[in-house]
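Open the model in your viewer and keep the selection panel at hand. We will go from one stop to the next, saying what to pick and what you will find there.

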Amino acid sequence: MTPSFSDPIGLEVRWDRLAAATDEAASTMLRTAFSTIIRESNDYTVVLMDRQGRTMAESRAGIPGFAALMSSLCAVVLDRFPAREWRDGDCVITNDPWIATGHLPDIAMITPIFHRGALVGFAGTAAHSPDIGGTPSMGATELISEGILIPPLRLFRAGGVEQGVKDLLLANVRLADQLWGDLEAQAAAHAVCRRRAREFLDDFGEPDFERFAAEVHALADAALRAAIRDLPDGVYRAGVDADGVEGHPTHIECAVTVSGDRIGIDYAGSSAQVPYSTNSTLNYTRAYSMYPLKILLDPATRTNWGSYQAITVTAPAGTIVNPTFPAPVVARHLTGHLLSCAIYQALAPVLPDRVIADSGGAPALRVRFAGVDDDGRPFSQMLFANAGMGASRDKDGLSTTAFPTNSGSGSVEAIEVASPLRFVRKELRADSGGRGRRRGGLGQDIEVHNPTRRPVQMVLLGDRERHPALGLAGGEPGATAYAVLDTGERLSLKSISQLAPGSSVVISFPGGGGFGAPEEREPHLAVADELGGYVRPPAVGREQTGEESHR
């Protein structure tokens, strides 16, 4: 039964007020963060939770998948640190991949909110740190090689720094100043959340968030269940293949079961976990299964803990989507981002007007550059750049747009300021979108130059060299990804190498899959594609340039 709300307008006003508080906190973190990963690439989340640790409001930027797992993260933290033990000014952090956001570079932070002496809720953030120690190599075969593991422990107690914890953490990372600066930026965001939450309760005359939380949770839950009821009951299946590592492809098997007002997603039949960092922990698998479903079925309702109660996600232990400790996981997005493709392909027969074809950015291609500049100063920068999205039945795919993550490509000028690297070009990649009645979004070509007298370490974490983003309903796949040095040497997208002094590398990001038969594309759109440079005429097309060999 759909719940009734006595004052829906008032509820929306209050909900928007609390969401605005998380947005303000996010802005505070962006403006005070030391690393470009947060302030330029939006690799973070900010949430406000009730005193049971269930999200009520989430920042509207950042990573939605992170927000989807903050409630389960807080539940584990509260099991370790019961509510009676919290004091105003406390702060607990963790980067445990089986508790937090799936790999060690992301540090989650939880702080309590007290109002008139009573614990009324929690603020939560998660953000990608500039460095977490370890060895940045796809060759890691266990978690300990990937960096320092932080179990849930207090970083601040009653407002004071736990100096021993700080010292231990900073002694195990390369960029201690940047990491600590980003943690302080997260703490600043929490201070905004606490202040605005108290003002909210005072202004609306509420002693706590219990009544408000119950209402917004019920509203979000009811909205999603109503959308699920519109689907025909049944079991819908799809399988997705990825490049994997060292010639061993990854297979993701997905079964989506619709039953009344509930959906279950099961990944039985997926590849076994591997001794490489592409394993996706179950909490990350759940987040990147629930979020694509939420925006497919109920894109209009603001998300919170209630948005995910009608969805269950299961996967056998020991698989690449539910690995057991201590599996390496630093590149878990190379598996987790592909889940949206499997889910949408499975649901294409019943939602052909709403799903999209595979996106080139599922999974995202990341490049880490690290070294020492000519003045002897160390640097480390992560290049976040986007591929093309898949097309839908009615629209071309968006070019160079992140999906299913929400991380931004950021400013290459900011990376140039923070490092000696120089970006020679950054341009749309013609012919990369899959052909179809609706064309897939274009990827991009980025050329990076090392002007220093020292080599720069380059770590590539990507996929889709051999398995392109697939089209739907007769649409063709997008172009595959590749990276080539100016010497002509082609690099594996799962590798660690050196960019020699004076050398350059071109990184070509993949395109999205097309939708519908290519011959059905309207002539005026085909002409516009050529005039816009999105598609090259046959005389100068893929066969002439040799690009077809990279597809």
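Start by selecting strand 8 and strand 9, which run antiparallel and are joined by 10 bridges. You are looking at a predicted model, so a word on confidence will come along the way. Within this pair, pick G234 and look across to strand 9, where its bridge partner is V258. Now follow the chain round the turn: strand 8 and strand 9 form a hairpin with 2 residues between them. Stop at E246 in that turn, where phi is positive at about 55°.

**Along the four-stranded sheet**

Next, add strand 10 to the selection. Strand 9 and strand 10 make another hairpin, again with 2 residues between the strands, and G260 in the turn has a positive phi of about 65°. The two strands pair in the antiparallel sense over 5 bridges. To see one place of this pairing, label A255, which stands opposite D266 in strand 10.

Keep D266 highlighted and bring in strand 11. There, the bridge partner of D266 is T314. Strand 10 (residues 262-266) and strand 11 pair in the parallel sense, over 4 bridges.

Now zoom out to take in the sheet they belong to. What is the order of its strands? The sheet is open, has 4 strands and reads 8-9-10-11, with mixed pairing. Strand 8 (234-245) and strand 11 (311-314) stand at the edges with a single partner strand each, so one side of each is left without a neighbour in the sheet. Neighbouring strands here are turned by 15° against each other on average, direction ignored.

With the sheet still on screen, select residues 339-347. This is helix 9, which lies across strand 8, strand 9 (248-259) and strand 10. Helix 9 runs at about 145° to strand 8.

**Two cis peptide bonds**

Show the backbone for the next two picks. The first is the bond from F325 to P326, which is cis with omega near 5°. You will find P326 in the loop between strand 11 and helix 8 (333-336). The second joins A362 and P363, again a cis peptide bond, with omega about 10°. P363 sits in the loop between helix 9 and strand 12 (366-372).

**The seven-stranded sheet**

Move back towards the start of the chain and display strands 1 to 7. They belong to an open sheet of 7 strands in the order 2-1-5-4-3-6-7, with antiparallel pairing. Which strands stand at its edges? Strand 2 (55-58) and strand 7 (160-161) do, each with a single partner strand, so one side of each lacks a neighbour in the sheet.

Pick strand 3 (residues 91-94) together with strand 6 (residues 153-157): these pair in the antiparallel sense over 3 bridges. Label I93, whose bridge partner in strand 6 is L153.

Then add helix 5 (residues 176-203), which packs on the sheet and touches strand 1, strand 4 (106-115), strand 5 (118-128), strand 6 and strand 7. The direction of helix 5 makes about 30° with that of strand 4. Helix 5 has 28 residues and reaches 41 Å from its first C-alpha to its last, close to the 40 Å expected at 1.5 Å a residue. Just after the helix, click on G205, where phi is positive at about 65°.

While you are in this region, visit the loop between strand 6 and strand 7, where A158 is found. Phi of A158 is near 50°, a positive value in a residue other than glycine.

**Where helices cross**

Select helix 1 (residues 8-32), which lies across strand 1 (44-50) and strand 2 and runs at about 140° to strand 1. Add helix 6 (residues 210-229): the axes of helix 1 and helix 6 come within 11 Å and cross at roughly 100°. That makes helix 1 roughly perpendicular to helix 6. Show side chains for L11, R14, W15 and L18 of helix 1 and for F212, E215, V216 and L219 of helix 6, which make the contact. By class, this contact has 6 nonpolar, no polar and 2 charged residues.

**Last stop: confidence**

Finally, colour the model by pLDDT. The protein chain averages 93, and 96% of the residues score at least 70. Now select residues 541-551, where pLDDT stays under 50. For this stretch the model has 23 contacts beyond four places in sequence.

Note on methods: Residues numbered from 1 in each chain as written. Predicted model: local features only at pLDDT ≥ 70, side-chain atom pairs only at ≥ 80, totals over all residues. Heavy atoms only, no water. Pairing = 2+ DSSP bridges. Contact = heavy atoms within 4.5 Å. Axes fitted to C-alpha atoms, helices over the stretch in contact; angles between N-to-C directions. Parallel < 35°, antiparallel > 145°, perpendicular 65-115°, else oblique. Nonpolar A, V, L, I, M, F, W, Y, C, P; charged D, E, K, R; others polar. pLDDT = per-residue confidence, 0-100. Expected span 1.5 Å × (residues − 1).
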